[in-house]
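Open the model in a viewer and keep the sequence panel beside it. The stops below say what to select next and what is there.

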Amino acid sequence: MGWGRTGNPGDRRPGRPDDEWNRAIALCAAQVPLVWLAWWFAMEAGRDDYEYGGGGYLGICCVPLLLPFVGLFHAAVQIAPAMFLARLRPRVAPGPEWVWHLAGSVLIGAGWSVLGQVLRGWPVGDTLPWCAGIGVLPVLVLHSLRGRPWSGGGFWLRSAGASLVLLAVCGATAASLAGDYEPPRLSAAQLAGEWRGEDGGVLRLAPGGRAELTGVPAHNDVDEEGDFSLCDGTGTWTLQRDSELQDTDRDGVLVRLDGECGQETYWTVGGTEQDPELFVRFGDPDSGDLRILARD
């Protein structure tokens, strides 16, 4: 990368590690818990966990061993290339190096965001703040620490300590907020209508208690593979409040079919008052096949 101990291109001492490169990796790794918490607040906090138990916030406890590899990848694809771009600027260009480094990091982040749109269809408006923003803190801290006489190992120890603190704080904060979600309380009249799944299934709940299914999953006998069948036909539905029978404290819709396709299936009410959902899990209670129906 051409990063030396003085920060000048090519100033690389034989037998000594490239301090800026090591620091960049350590900083990128250390900020992962903070980035994760920001993502969790923006995407998951207060939302329905579909009764998986424990919540997705527990995932933060499983990543400490991955942090160095995440830091290495992030530094290699954003922080180091941005530094290279910053040092290509003309000598007469105004502004300190950190400004150019930060601008290069944001530019590269924008490029990764566009690549996500091209390859995966991810909206640039959603990914750009994340791709550009995750490079800000490592760049600013990296330049603020120049000249500090910390060895590579000492800097890694400090970064590891900061990361562990962030892990503990982020995990505790997320855990304290995990119970904030409150499912909507819908009346039978509000539940009546068409509910559609991403796979094209349609569940029609008539006001009088009749139900019509088109490609909607329903429970099979427990010893059959997959534990559900896609059913077409008619049946009945009833609103159940805080069903003890289904071992849940949430409202739901119990659908019974008239024919032989599938057994009665309890669809739990989720989502929000404005955007309600019905969901059911088949198979393993902790990691089964989740099916969601949204209001048409």
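Angles between axes count as roughly parallel under 35 degrees, roughly antiparallel over 145, roughly perpendicular from 65 to 115, and oblique for the rest. The axes are lines fitted to C-alpha atoms, for helices over the stretch in contact, and the angles run from 0 to 180 degrees between N-to-C directions. Helices (H or I, at least four residues) and strands (E, at least two) are DSSP runs numbered from the N terminus.

This is a predicted model, in which local features need pLDDT of at least 70, side-chain atom pairs count only at pLDDT 80 or more, and totals for chains, interfaces and linings use all residues. Residues are numbered from 1 along each chain as its sequence is written, and side-chain values use heavy atoms, with hydrogens and water left out.

**Whole chain**

Colour by secondary structure: the protein has eight helices and eight strands. Of its 296 residues, 39% are buried (buried means under 20% relative accessible area, exposed over 50%, and partly exposed in between, with a 1.4 Å probe and protein chains only). Contact here means heavy atoms within 4.5 Å. Among contacts between residues at least 6 apart in sequence, 57% join residues at least 24 apart.

**α1 and α3**

Two packed helices are described by the angle between their axes and the distance between the axes. Select residues 19–30 for α1 and 67–86 for α3; their axes come within 7 Å and cross at roughly 120°. The two helices are therefore oblique to each other. The crossing of α1 and α3 is right-handed (the near helix is turned clockwise from the far one by less than a right angle; anticlockwise would be left-handed).

Show side chains at this contact. From α1 come E20, W21, A24, I25, C28 and A29, and from α3 come L67, P68, G71, L72, H74, A75, A76, I79, A80 and M83. By class, the contact of α1 with α3 has 13 nonpolar, two polar and one charged residues. In this scheme Ala, Val, Leu, Ile, Met, Phe, Trp, Tyr, Cys and Pro count as nonpolar, Asp, Glu, Lys and Arg as charged, and the others, Gly among them, as polar.

**α3 and α6**

Keep α3 and add α6, residues 136–144. The axes of α3 and α6 come within 11 Å and cross at roughly 60°, so these two helices are oblique as well. Their crossing is right-handed. H74, I79 and M83 of α3 meet P138, V139, L142 and H143 of α6. This contact of α3 with α6 divides into five nonpolar, two polar and no charged residues.

**α4 and α6**

Now select α4, residues 97–120, which packs with α6 at an angle of about 160°, the axes being 9 Å apart. That angle makes α4 roughly antiparallel to α6. α4 passes α6 in a right-handed crossing. On the α4 side are E97, W98, H101, L102 and S105, and on the α6 side V136, V139, L140, L142 and H143. The contact of α4 with α6 has six nonpolar, three polar and one charged residues.

**I134**

Go to the loop between α5 (124–133) and α6, where I134 is found. Is I134 buried, exposed or partly exposed? At 25% relative accessibility, I134 counts as partly exposed. Not counting residues up to four places away in sequence, I134 touches Q31, V35, H74 and Q78. Draw a C-alpha to C-alpha distance from I134 to Q31: the two are 103 residues apart in sequence and 8.4 Å apart in space.

**The nonpolar cores**

In soluble globular proteins, nonpolar side chains tend to be buried together. A nonpolar core is taken here as a set of buried Ala, Val, Leu, Ile, Met, Phe, Trp, Tyr and Cys residues joined through side-chain atoms within 4.5 Å. Select L191, L203, L205, V253, V255, W267 and L278, which touch the most other members of the 21-residue largest core. The elements that give two or more residues to this core are β2 (202–205), β3 (210–219), β4 (228–240), β5 (252–257), β6 (265–271) and β7 (276–282). The largest share, four residues, comes from β3.

Centre on W267. Leaving aside neighbours within four places in sequence, W267 is in contact with V216, P217, G252, V253, V255, L278, F279, V280, R291 and L293. Apart from the largest core lies another, of eleven residues, among them A24, I25, L102 and L142.

**L290**

End at L290 in strand β8, residues 289–295. L290 counts as partly exposed, at 25% relative accessibility. The C-alpha atoms of L290 and Y50 are separated by 8.4 Å, with these positions 240 residues apart along the chain.
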